[in-house]
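Student: I have not met this structure before, and I should like to work through it with a tutor. May we proceed by question and answer?

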Amino acid sequence: MDLDFFKKITRDMFESGVEEIGLFYLGESLMAPELTIRATAYLKKELKMPYVFLTTNGSLATAGVVDGLMAAGLDSLKFSLNASDSEQFEEVMGVKRKLYEKALNNLKGAYAIREQGYETKLYASSIKYDGEQQQRMEALVQERVLPFVDQHYWLPLYSMGSVATEREAELGYRPTAGNQGRLGGLVDPLPCWSCFTEGHVRSDGGVSLCCFDSGLDGRFYVGNLNDDGFMDIWHNKIFTEVRDAHLKKDLKGTVCHDCVAY
């Protein structure tokens, strides 16, 4: 995303009352590290945004990047760790297995950097599987995650929309219904909390209804911040009609009808 455009839309959000910004959507958040550091610095040091956070798979969270983010004022950095070994990392995530050890080492490195005097909170999350796989995951978390984070928590397997449906079927994983939050504090999938509390902005300024929307087919598209203000889109006809359907728990005829929850 163009940095000047980012500044424009986030100032609009801040002035509208937004108090949290996550500098990512789907995909790896640190593929444009310098841009992300500059965006963080703008939000924290110029706008005074109360809370700025990132989620990463860890493979690109090198010492220089993490130090830059923490110096810029990042409030929270979460590592998403969902494979028990490098082979599974390659199979499930579809990336090179050598990045597995790199991600775990980067987590340990982030802790060392944070301990130099930064205030960034470090978190990690993992998908909770079944049987032997879960036993392997718990061993990994105990040995190589918990010593280096402020908190680790388990998540159910979410469906990531149409992009991951085929992959989930291929690997034999069954996703949970809807976006129910963390294990130990799951909420009813209807109404979906996401469309009431989060705006999801693509790099081109497009706004989506859904936190799992890949943007490939445009069905969750509700407006573009190049054309309208954030609150204008937040309260537009498409958004309000979908929220009304969620409150009634009747999604027939809406774009949310084909969600895994229903």
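**Contacts, helices and side-chain pairs**

Tutor: Let us begin with Y42, which touches F6, K7, T10, R11 and L47 when residues up to four places away in sequence are left out. Please keep in mind that the model is predicted.

Student: In which helix does Y42 lie?

Tutor: Y42 is one of the buried residues of a helix that runs over residues 33-47. The helix in which Y42 lies is α2.

Student: Is Y42 buried or exposed?

Tutor: A residue counts as buried when its relative accessible area is under 20%. The relative accessibility of Y42 is 4%, so Y42 is buried.

Student: How far apart in space are Y42 and L3, C-alpha to C-alpha?

Tutor: In sequence, Y42 and L3 are separated by 39 residues. In space, their C-alpha atoms are separated by 9.6 Å.

Student: What distance does helix α2 reach from its first C-alpha to its last?

Tutor: Helix α2 has 15 residues, and the span expected at 1.5 Å a residue is 21 Å. The span found in the model is close to that expectation, at 20 Å.

Student: Which elements help to cover the buried residues of α2?

Tutor: The buried residues of α2 are T36, I37, A39, T40, Y42, L43, K44 and L47. What covers these residues includes α1 (3-16), β1 (20-22), β2 (51-56) and α3 (63-72).

Student: Which residue follows α2, and what is its phi?

Tutor: Helix α2 covers residues 33-47. It is followed by K48, which has a positive phi, near 65°.

Student: How many aromatic pairs does a search of the whole structure find, and what is the geometry of F24 and F53?

Tutor: The search of the whole structure finds six aromatic pairs. For F24 and F53, the ring centres are 5.8 Å apart and the planes stand at 80°. Planes over 60 degrees apart count as edge-to-face, so the pair F24 and F53 is edge-to-face.

Student: How many residues apart in sequence are the parts that this pair ties together?

Tutor: F24 is in the loop between β1 and α2, whereas F53 is in strand β2. The pair therefore ties together parts whose separation in sequence is 29 residues.

Student: What is the relative accessible area of F24 and of F53, and which residue joins them in one aromatic cluster?

Tutor: F24 has a relative accessibility of 30% and so counts as partly exposed. F53, with a relative accessible area of 23%, is also partly exposed. The residue that forms one aromatic cluster with F24 and F53 is Y51.

Student: Over which rings do the charged ends of K128 and R243 sit?

Tutor: The charged end of K128 is 5.4 Å from the centre of the ring it sits over, which belongs to W154. For R243 the distance to the ring centre is 4.3 Å, and the ring is that of W234.

Student: With which side chain does the side chain of S84 make a polar contact?

Tutor: S84 is placed in the loop between β3 (76-80) and α4 (86-93). At 13% relative accessibility, S84 counts as buried. Beyond four places in sequence, S84 touches Y100, Q133, R136, M137 and L140. The polar contact of its side chain, at 3.3 Å, is with the side chain of R136.

Student: How many salt bridges does a search of the whole structure find, and what separates R11 and E15?

Tutor: The search of the whole structure finds 11 salt bridges. One of them joins the side chains of R11 and E15 (4.0 Å, N to O). R11 is partly exposed at 36% relative accessibility, and E15 is exposed at 59%. Being four residues apart in helix α1, R11 and E15 are separated by about one helical turn.

Student: At what distance, N to O, do the side chains of K237 and E241 meet?

Tutor: Both residues lie in helix α10 (residues 237-248), four residues apart, about one turn of the helix. K237 is exposed, with a relative accessible area of 59%, and E241 is partly exposed, with 42%. Their side chains meet in a salt bridge at 2.5 Å.

Student: Which residues are joined into one network by salt bridges that share partners?

Tutor: A network of this kind is made by salt bridges with partners in common. The residues joined in this way are R114, E115 and D150.

Note on methods:
Residues are numbered from 1 along each chain as its sequence is written. This is a predicted model: local features need pLDDT of at least 70, side-chain atom pairs count only at pLDDT 80 or more; totals for chains, interfaces and linings use all residues. Side-chain values use heavy atoms; hydrogens and water are left out. Helices (H or I, at least four residues) and strands (E, at least two) are DSSP runs, numbered from the N terminus. The expected span of a helix is 1.5 Å times one less than its number of residues. Buried means under 20% relative accessible area, exposed over 50%, partly exposed in between (1.4 Å probe, protein chains only). Contact means heavy atoms within 4.5 Å. Rings of Phe, Tyr and Trp (its six-membered ring) pair if their centres lie within 6.5 Å; planes under 30 degrees apart count as stacked, over 60 as edge-to-face and the rest as tilted. A charge sits over a ring if NZ of Lys or CZ of Arg is within 6 Å of the ring centre and within 35 degrees of the ring normal. A polar contact is a pair of N or O atoms within 3.5 Å; within protein, one must be able to donate a hydrogen and the other to accept it, and residues adjacent in sequence count only if both atoms are side-chain atoms.
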